[in-house]
Amino acid sequence: MSALPILFSFRRCPYAMRARMALIIGEVQCELREVDLGDKPAQMLEVSPKGTVPVLLFADGSVLEESLDIMLWALSQSDVTAWLKPVDAHLDDMLDLIEQNDSEFKQHLDRYKYPDRYATEKADPLYHRTEACAFLCKLETLLNDNDFLFGPHASLADIAIFPFVRQFAATDPDWFAHLEHPRLQAWLTGWTESDLFSDAMHRYPIWQPDNPPAFLLPG
Ligand SMILES: N[C@@H](CCC(=O)N[C@@H](CS)C(=O)NCC(=O)O)C(=O)O
């Protein structure tokens, strides 16, 4: 096994996006294995049978299999810009907001974006869009006084949450653009146009055992 950690990833997965961004910020070099979710690598399933990405496998065999755990670990490796220590809050405040994103907001987002997958629930996408807006209002309020969710500097919460708001916005961009949430819209544009996001969205071919290794950080 390579001495570098191996990141099993999927480019378009918002959980994998946030893990990749944190690893880039933490300057953690990894071997990146782009996964076909319909044909997951045996090694990934062996070390993480739940079968979701991202998964970070270390050379000693230990595994992080939750995106938030990968982020917390990555940002503790090189917390140069204090991503875990926002000016206006504590880590627990950020974790609480991320939990709201990952639970309630994500549930409404999925039912708004993919109502067909929830046909047995008879999910009404517009109901879920409206319900999801409570979380967006909360973000707008947090962004009222600052450019980032927890103060004047970017933090863990911004990169943990924006990939999901991006998905929400992309479901009906015109509708999202007409929301009265100017701070949220500017925040989202700032992140989607950032160099960090662009670096995290680099395209890799699907990993095959015979491929030469690909790496998360350039150079
Ligand atoms: N709680 C997990 C969720 C990860 C997750 O659900 N990833 C999706 C892709 S976005 C996945 O791998 N789904 C499995 C599949 O589609 O087979 C985390 O934060 O890492």
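What follows is a short chat between a visitor and a guide about this predicted model.

Visitor: What should I keep in mind about the numbering and the confidence cut-offs?

Guide: Residues are counted from 1 along each chain, as its sequence is written. Since the model is predicted, local features need pLDDT of at least 70 and side-chain atom pairs count only at pLDDT 80 or more, while totals for chains, interfaces and linings use all residues.

Visitor: What makes the radius of gyration agree with a compact globule?

Guide: The radius is taken over C-alpha atoms, and the globule rule is 2.2 Å times the number of residues to the power 0.38. With 219 residues that gives a value near 17 Å, and the chain has 18 Å, so the two agree. The C-alpha trace spans about 50 × 45 × 25 Å along its principal axes.

Visitor: Why is Glu27 called exposed?

Guide: Exposed means that 12 or fewer other C-beta atoms lie within 10 Å of the residue's own; 20 or more would make it buried, anything in between partly exposed, with C-beta atoms placed from the backbone. Glu27 has 12, so it counts as exposed. Glu27 also has a positive phi of about 55° although it is not a glycine, and its place is in the loop between α1 and β2 (31–34).

Visitor: How many helices and strands are there, and what counts as one?

Guide: Nine helices and four strands. They are DSSP runs numbered from the N terminus: H or I over at least four residues for a helix, E over at least two for a strand.

Visitor: How do you know which residues join the two domains?

Guide: The bounds, 6–81 for domain 1 and 91–194 for domain 2, come from an automatic or database domain assignment. Residues are in contact if their C-beta atoms, placed from the backbone, lie within 7 Å. By that test, nine residues of domain 1 touch eight of domain 2. On the domain 1 side, α1 gives the largest share, five residues.

Visitor: What makes a residue part of the ligand's surroundings?

Guide: Its C-beta atom, placed from the backbone, has to lie within 6 Å of the ligand. Among those that pass are Phe10, Tyr15, Val53 and Pro54. A cis peptide bond joins Val53 and Pro54, with omega about 5°. Pro54 is found in the loop between α2 (42–47) and β3 (55–57).
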